[in-house]
Amino acid sequence: MIAIVDYGIGNLRSVEKALQQVGAKASVTADPAVLDEAHGVVLPGVGAFGDGMTRLRARQLVDPVLRQVERRKPLLGICLGMQLLFEESDEMGLHQGLGLLPGRVARFPEGELKVPHIGWNQLWRAGPGPEMALLDGIPHGAHAYFVHSYCAAPEEPGDVLAKTDYGLEFASVVGRGRIFGAQFHPEKSQDVGLRLLGNFADMVAGAGGSPQP
């Protein structure tokens, strides 16, 4: 079972339906006990970084999410959820993230680009490695649907699985070990999004993460 973290923001039901469409058992939850019982976790989200972290803390979900990572369960962050995987963001002040991946989140350059970045854009695969299984079957240059004003700058180049060009290159898919993130919305990206979610579900099925003893 894949637990979709409900912290009050995000396209939760659409993500749940998309996972179910690829054959995964998925459940939207804010219950730490359900997270403990799950075999994989999806952290969705839309909106501001600081608000996202505030809501996670208010619902006492930060430690339960981190606990699943410690148990080596696959984790997928989507849109804001991907950004929260990083150490910090300067969105409306400086805010600390989950710190699961080294790097920070910053706004697209003012005056140079149309912000927010909304619409279809391409995914350019970045390199080899076992984490690239998340992109199995997704062609180099495939299109996905984006809605965001901020983007992540991973500190480690090896954490970047795919890049997207929006006047500048930014990390659109990231991964390290069993921690993954997609800046685009898989649930809105038709076949490409469903393929990524299906690949993640396959990883969950084969991961052997440790559920609650």
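Reader: In what sense do strand E1 and strand E3 pair, and which residue in E3 is the bridge partner of Ile-4?

Author: In this predicted model, strand E1 covers residues 2–5 and strand E3 covers residues 40–43, and the two pair in the parallel sense over 3 bridges. Strands of a sheet pair through backbone hydrogen bonds, either parallel or antiparallel. Within E3, the bridge partner of Ile-4 is Val-42.

Reader: What is the order of the strands in the open sheet, and which are the edge strands?

Author: The open sheet has 9 strands with mixed pairing, in the order E2-E1-E3-E4-E13-E12-E11-E8-E9, and the twist from one strand to the next averages 30°. An edge strand pairs on one side only, and this holds for strand E2 (26–29) and strand E9 (142–148).

Reader: Which strands does H6 touch where it packs on the sheet, and what angle does its direction make with that of E4?

Author: Helix H6 spans residues 190–207, and in packing on the sheet it touches E1, E3, strand E4 (75–78), strand E8 (117–125), E9 and strand E13 (179–182). The direction of H6 makes an angle with that of E4 of about 155°.

Reader: How many residues does the largest nonpolar core have, and which have the most contacts inside it?

Author: In soluble globular proteins, nonpolar side chains tend to be buried together. Here the largest nonpolar core has 38 residues, and its largest share, 7 residues, comes from helix H6. Leaving aside residues up to four places away in sequence, Leu-19 touches Ile-2, Ile-4, Ala-24, Ala-26, Val-42 and Leu-197. The residues with the most contacts inside this core are Leu-19 and Val-42.

Reader: How many residues does the second, separate core have?

Author: The second core is separate from the largest one, and Ala-38, Val-62, Phe-86 and Leu-101 are included in it. Two of these residues also meet as bridge partners, Phe-86 with Leu-101 in E7. The number of residues in this second core is 31.

Reader: In what sense does E5 pair with E7, and in what sense with E6?

Author: Strand E5 (residues 86–89) pairs with strand E7 (residues 101–107) over 3 bridges, in the parallel sense. With strand E6 (residues 95–96), E5 pairs over 2 bridges, among them the one that joins Ser-89 to His-95. E5 and E6 form a hairpin with 5 residues between them, where Met-92 in the turn has a positive phi of about 55°. The sense is therefore parallel for E5 with E7, and for E5 with E6 it is antiparallel.

Reader: Why is Cys-151 in no disulfide with Cys-79?

Author: A disulfide is a covalent bond between the sulfur atoms of two cysteines, and the cut-off used here asks for sulfur atoms within 2.5 Å. Cys-79 is buried, with a relative accessible area of 5%, and Cys-151 is buried as well, with 11%. The structure holds 0 disulfides, and for Cys-151 the closest cysteine sulfur, in Cys-79, is too far for a bond because the distance is 12 Å.

Reader: Is His-185 buried or exposed?

Author: His-185 is found in the loop between E13 and H6. Not counting residues up to four places away in sequence, His-185 touches Val-46, Ile-78, Cys-79, Tyr-145 and Val-147. With a relative accessible area of 3%, where the cut-off is under 20%, His-185 counts as buried.

Reader: How are the planes of Trp-120 and Tyr-145 set in their aromatic pair?

Author: A pair of aromatic rings is described by the distance of the centres and the angle of the planes. Trp-120 in strand E8 and Tyr-145 in strand E9 are 25 residues apart, so that the pair links distant parts of the chain, and Trp-120 counts as partly exposed at 42% relative accessibility. The centres lie 5.6 Å apart with 70° between the planes, and since over 60 degrees is the cut-off, the arrangement is edge-to-face.

Reader: Which parts of the structure does the pair of Phe-146 and Phe-184 tie together?

Author: Phe-146 and Phe-184 form an edge-to-face pair, 5.9 Å centre to centre with 65° between the planes. Phe-146 is buried at 0% relative accessibility, and Phe-184 is likewise buried at 0%. Both belong to one aromatic cluster with Phe-108, Tyr-166 and Phe-170. The parts tied together are 38 residues apart in sequence, namely strand E9 and the loop between E13 and H6.

Methods. Residues numbered from 1 in each chain as written. Predicted model: local features only at pLDDT ≥ 70, side-chain atom pairs only at ≥ 80, totals over all residues. Heavy atoms only, no water. Core = buried A, V, L, I, M, F, W, Y, C linked by side-chain atoms within 4.5 Å. Buried < 20%, exposed > 50% of the residue type's maximum accessible area, 1.4 Å probe, protein only. Helix = DSSP H or I, 4+ residues; strand = E, 2+ residues; numbered from the N terminus. Contact = heavy atoms within 4.5 Å. Pairing = 2+ DSSP bridges. Axes fitted to C-alpha atoms, helices over the stretch in contact; angles between N-to-C directions. Phe/Tyr/Trp six-rings, centres within 6.5 Å; stacked < 30°, edge-to-face > 60°.
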